[in-house]
Amino acid sequence: MCKSKNFVLYFWQVNLHASAYRDGSFVDRFFKHDSIKSRVRQIKERGLFKVRQIGQSVLGKEIFCISAGHGKVNILIWSQMHGDEPTGTMAIFDLLNFLGSNDLEHVRNTILSQCTVHFIPMLNPDGADFFQRRNALNIDINRDFLAMQTPEAKVLLNAQEEIQPAFAFNLHDQNTLWSVTGSRKSAAISLLAPPVDCNATVTPSRLKAMQLAASVYNLLHTKIPGQVGRWSEEYEPRAVGEVFQSRGISTVLVEAGGFVDDDEKQLVRQLNFELLLHSLEQIATGVYSNEKENTYHRIPLNNKEIFHLLIRNCKVASPAGYIKADIGLNYTEELDAAGKNRTKMFSVADFGDLSTWGAYESIDVRNAVLKGTLKIDAVASFNIEDDKGIVLSFVKGIKRIQAI
C-alpha cells in the first residue's frame, strides 16, 4: 500500500468543508426507515455504488448494504443496531456523499482503489421507527450474538461471513452523561477495541484495532480536548464486537456522545464523518500501523462526572438553618406521539458539594433560596428565588424560567 504523506492537508481540507457532504435528508435524530429507503433508492439510481438488500427485520423492513470501492481490503461498517442511536447512520450517508463526489480525488482514489467498504445503515429499522434501543422482539441485538434469535443479528453475521472483512466499525450512540475522566467534560466520542476474552488479550487483529483507535484519538483530542474517551475492556461474549474480534476481524467500537448545544447530534455527526474518513485512509495507506499500543491505553477512560444542569451556590433550608449547596439535575426525553417533538423532564440527581463535577450547563444562583421540596431521584418541582423574584423554576420536571 502507498503511504500518503500529504494526507493531513487533504483531511483538514475535508474537515473545513465537511458541511458540503452533509446529507440533507437527515436534520434531526428522529428519522425513520422510510428516509433510509428513499436515500438508498436515490444512491442506487445514481449507479455509483453497489446497492442490495441483505435481509429484513422482524417486521419485514428491508436491511441494505451499500458497497464502495474495488480494493482488496474489505471493511464492514454498520450503524443503528440500537434503534435510538442514529448518529452513525447520518455519518455513513455523509461519507457516501464524499465518496461519490469529485472532490479531493487523491483521497478518494486512495481509499477506493485499496479498499472495498461495505456499509449497513440502520441494522434495526423496527427499533428506529419506534425510537427505542431494542428490536420488535424486545431483544437487544448487541446481546444476541450467542443465542442468535434475532433476524437482524443473523443478517449482520451472514454479511460478515460473506464479505470476510479485515476491519469492522460498530457505530453507536452513548448516554450523554458519560464524561472523560478528569476533564469534567462530556465524552463526545468514545472508542474501544473490543476484547477477545476476560484477560483483554492483545491478539494480532485486536492490536490493529487498538492502533486505529489510537490514530483516531491523536486526530481528535487536540480538536476537542478532554472529550475523547475509552470504554472499559469488560468482556461481553454476547456482543458483536467481541465475536468479530475473536474471529480475527480488527473491530473498533465508536460511541457518539454529547456536546454542548448539540441536542440533534449534528456536531458529533461531523466528528463521526471525520473519524471514519480518517480511518479509511489510514487503512488504505497502512499508516495506522505506526501507532504504538500504549497510545491506545493512554486514552482516558469514560466516567460519569457531569450533569445536564448544575445549579451552584443555592441556599437551602435545613433543620440547622440555611446551608449553601449545589444541585445536580439530569433529564430524560419524552417524545410526542409522532416521535418527533420532545420534552426534557428534569430530576434531581445529587445535592451538596458538587464542586468536583462538571455540566453541560452551569448556573450560579449567587445564594438565591430554594422554595419547595428537594428529593434525590425525584422529579424536579421547585423554585429558586432571590430578592428580585424567581431565578429558576421547575414545574413537574419541566424547566420554566432561567435567569439571564
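These are my notebook entries on how the strands and helices of this structure are arranged, and the model I looked at is a predicted one.

**Entry 1: the sheet**

I began with the strands, and I found eight of them in an open sheet of mixed pairing, in the order S1-S2-S4-S3-S5-S9-S7-S8. I then asked which strands stand at the edges of the sheet. They are S1, residues 50-56, and S8, residues 228-230; each has a single partner strand, so one side of each is left without a neighbour in the sheet. I also looked up the turn between neighbouring strands of this sheet, which is 20° on average when direction is ignored.

**Entry 2: one strand pair**

Next I followed strand S2, residues 62-69, to strand S4, residues 115-120, and noted that the two run antiparallel and are joined by four bridges. As a place to find this pair in the structure, I marked isoleucine 66, which stands opposite phenylalanine 119 in S4.

**Entry 3: helices on the sheet**

I went on to helix H2, residues 33-46, which packs on the sheet and touches S1 and S2, its direction making about 35° with that of S2. Helix H6, residues 151-163, packs on the sheet too, where it touches S1, S2, S4 and strand S3, residues 73-79. For H6 I noted an angle of about 135° with the direction of S1.

**Entry 4: H2 and H3**

How do the axes of H2 and helix H3, residues 87-99, lie to each other, and what is the angle at which they cross? They come within 12 Å and cross at roughly 15°, which makes H2 roughly parallel to H3, as angles under 35 degrees count as such. The crossing in which H2 passes H3 is left-handed. On the side of H2 I listed Ile36, Arg39, Val40 and Ile43, and these meet Thr89, Phe93, Leu96 and Asn97 in H3. Sorted by kind, the residues of this contact of H2 with H3 are five nonpolar, two polar and one charged.

**Entry 5: H4 and H9**

My last pair was helix H4, residues 105-114, and helix H9, residues 266-285, whose axes are 9 Å apart and which pack at an angle of about 60°. H4 and H9 are therefore oblique to each other, and their crossing is left-handed. From H4 I wrote down Val107, Thr110, Ile111 and Gln114, which meet Leu277, Leu280, Glu281, Ala284 and Thr285 in H9. The contact of H4 with H9 divides into five nonpolar residues, three polar ones and one charged.

Conventions
Residues are numbered from 1 along each chain as its sequence is written. This is a predicted model: local features need pLDDT of at least 70, side-chain atom pairs count only at pLDDT 80 or more; totals for chains, interfaces and linings use all residues. Side-chain values use heavy atoms; hydrogens and water are left out. Two strands pair if DSSP finds at least two bridges between them. Axes are lines fitted to C-alpha atoms, for helices over the stretch in contact, and angles run from 0 to 180 degrees between N-to-C directions. Contact means heavy atoms within 4.5 Å. Angles under 35 degrees count as roughly parallel, over 145 as roughly antiparallel, 65 to 115 as roughly perpendicular and the rest as oblique. A crossing is left-handed if the near helix is turned anticlockwise from the far one by less than a right angle, and right-handed if clockwise. Ala, Val, Leu, Ile, Met, Phe, Trp, Tyr, Cys and Pro count as nonpolar, Asp, Glu, Lys and Arg as charged, and the others, Gly among them, as polar.
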